[in-house]
Amino acid sequence: MTSNAPYDLLLRGGHVICPASKINGVMDVAIKDGRIAAVQSDILPASAKEVIDVRGKLVLPGMIDTHAHVYRYVSGRFGLEADMVGVHSGVTTVIDQGGPSCMTIPGFQHFVADKAKTRVYAFMSSYLVGGLEGHLYPNLYSPECINIDATVRATNANRNIVRGIKGHAEIGGFARWGIKVLQMSAEIGRQTDLPLYVHFGQLWGLPKSGANGEDADTILERVIPELRPGDILAHPFTRHPGGFVNREGQVHEVIRAALDRGLKVDVGHGSHFSYRLARKALDAGIVPDTLGADMHGYNTYVPPPPGMPLEHDDDEAHPFIGQAKFSLTQAMSSMLALGLSIEQIVPMVTTNAAAMIRVSDEIGSLKPGIVADVSVLSDQRGRFILRDNEKNQVVAERLLQPAFCLREGVRYDANAAILPQAEAA
Ligand SMILES: [Zn+2]
């Protein structure tokens, strides 16, 4: 360690997995001026001002959470603090899914993205009001509450942070308005030439008039023709009606062709996730492209924002339940427990996620010269219990937990209160 050492920091002896550079093995990572300087074996410790021993740990490109909700305060109880789910959970980039709208995007930029240590992007809400209270009040999401022109304009004016459009295709909305709302979301995607991220699985309760001839199991096959390559099917493993598995327990046949046509799949884990249905979809050969933790104030236990009433009239209409500790890394452990390999999972939070928002040249790899966003995870072997909100349990033999991350070369320890503890089987 010398003061005139060429490198600022050396992560020494970790297991580096960087799909973009085709590296998968024990390597050292050297950082200088907030950028990756070198990734190779046996870099001399004396060549760095600071050395961190990461033997036994996984060293990944800074992880990207493709499904976050971080429009804190403005989205009510729904939005979490960006750095809590971001750098303090080992995640260097978060993508808010549909919190800001054409009316509220400047506030998102100023109060959230500019203030966070975490890199923050957003998928613009299709709706004028954005994701208030996690879309608690369905009547705010009718066709009359969408303005395509205004949303296209606001998106184009904020393309530095807006990387896609958020929409929904689920039975509560279809029972009220049919496919109209989704078609308007798709039109915003076309006019902005950005990917549309489509939430599948029931979100809203049915109106008093019932399903009005709609059937949750027909939604996927009617929506897919409206979508373009690069658009994203989200919540494939949802326990709510209208996901990838129909009520007969069969995986929808239209999905394979959709993926062959270039549509993408994001897990959007959160409280939707069912191990039972994930098993069926994975057995049918569906491997998600990206992961997405989908944590928000309804499924993650955090104290409510000051002054926020704890209950609303429509609470019983909201299908989200369960307030647990969770993280993107726990979602990775979930995928491992289902039998996916670490080599399949790492791209979901790095290369594939960067490609989804078209920033592969800037983040998602450890190539020399790129900004030094790095996630370091512990990698325990044993028998650990993981649970979902259907009360399914699986025993994982491998548990990943965030240790720390570097955001542009600056270290943040993974000390968020929402991080789950290991639960031995
Ligand atoms: Zn969500």
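This section describes the confidence of the model, the packing of selected helices and several individual residues.

The structure is a predicted model. The mean pLDDT of the chain is 93, and 95% of its residues reach 70 or more. Residues 314-321 have a pLDDT below 50, and this stretch makes 14 contacts in the model beyond near neighbours in sequence.

Helix 9, which spans residues 328-337, is largely enclosed by the rest of the structure, because 9 of its 10 residues are buried. The buried residues are L328, T329, Q330, A331, M332, S333, S334, M335 and A337. The elements that cover them include three strands that come before helix 9 or after it in the numbering, namely strand 6 (63-68), strand 7 (91-97) and strand 13 (374-387). Strand 14 (393-407) and helix 10 (342-349) are also among the covering elements. Just after helix 9, G339 adopts a positive phi of about 100°.

Helix 9 packs with helix 10 at an angle of about 150°, and the two axes are 10 Å apart. The two helices are therefore roughly antiparallel to each other, and their crossing is right-handed. On the side of helix 9, the contact involves L328, M332, M335 and L336, which meet I342, I345 and V349 of helix 10. By class, the residues of this contact comprise 7 nonpolar, no polar and no charged. The spacing of contact residues along a helix can be read with a general rule in mind. An α-helix has 3.6 residues a turn, so residues three or four places apart point the same way.

Helix 10 also contains buried residues, namely I345, V346, P347, M348 and V349. Among the elements that cover these residues are strand 1 (7-18), strand 5 (58-61) and strand 6, together with helix 9 and helix 11 (351-356). Strand 6 thus appears in the cover of helix 9 and in the cover of helix 10.

A second helix pair is formed by helix 3 (residues 148-157) and helix 5 (residues 180-192), whose axes come within 10 Å and cross at roughly 40°. This angle makes helix 3 oblique to helix 5. Helix 3 passes helix 5 in a right-handed crossing. Helix 3 contributes I148, T151, V152, T155 and N156 to the contact, while helix 5 contributes M184, E187, I188, Q191 and T192. The contact of helix 3 with helix 5 has 4 nonpolar, 5 polar and 1 charged residues.

Outside these helices, P100 is located in the loop between strand 7 and helix 2 (105-113). P100 is buried, because 29 other C-beta atoms lie within 10 Å. Leaving aside residues up to four places away in sequence, P100 touches Y71, I105, F108, A122, M124, S125 and G130. The C-alpha atom of P100 is separated by 18 Å from that of V181, a residue 81 places apart from P100 along the chain.

Backbone geometry was examined at two further loop residues. Most residues other than glycine have a negative phi. Y73, which is not a glycine, nevertheless has a positive phi of about 70°. Y73 lies in the loop between strand 6 and helix 1 (82-85) and is partly exposed, with 15 other C-beta atoms within 10 Å. D294, likewise a residue other than glycine, has a positive phi near 50°. The loop between helix 8 (275-283) and helix 9 holds D294, which is buried, with 28 other C-beta atoms within 10 Å.

Definitions and conventions. Residues are numbered from 1 along each chain as its sequence is written. This is a predicted model: local features need pLDDT of at least 70, side-chain atom pairs count only at pLDDT 80 or more; totals for chains, interfaces and linings use all residues. Axes are lines fitted to C-alpha atoms, for helices over the stretch in contact, and angles run from 0 to 180 degrees between N-to-C directions. Helices (H or I, at least four residues) and strands (E, at least two) are DSSP runs, numbered from the N terminus. Angles under 35 degrees count as roughly parallel, over 145 as roughly antiparallel, 65 to 115 as roughly perpendicular and the rest as oblique. A crossing is left-handed if the near helix is turned anticlockwise from the far one by less than a right angle, and right-handed if clockwise. Two residues are in contact if their C-beta atoms, placed from the backbone, lie within 7 Å. Ala, Val, Leu, Ile, Met, Phe, Trp, Tyr, Cys and Pro count as nonpolar, Asp, Glu, Lys and Arg as charged, and the others, Gly among them, as polar. pLDDT is the predictor's confidence in each residue, from 0 to 100. A residue is buried if 20 or more other C-beta atoms lie within 10 Å of its own, exposed if 12 or fewer, and partly exposed in between; C-beta atoms are placed from the backbone.
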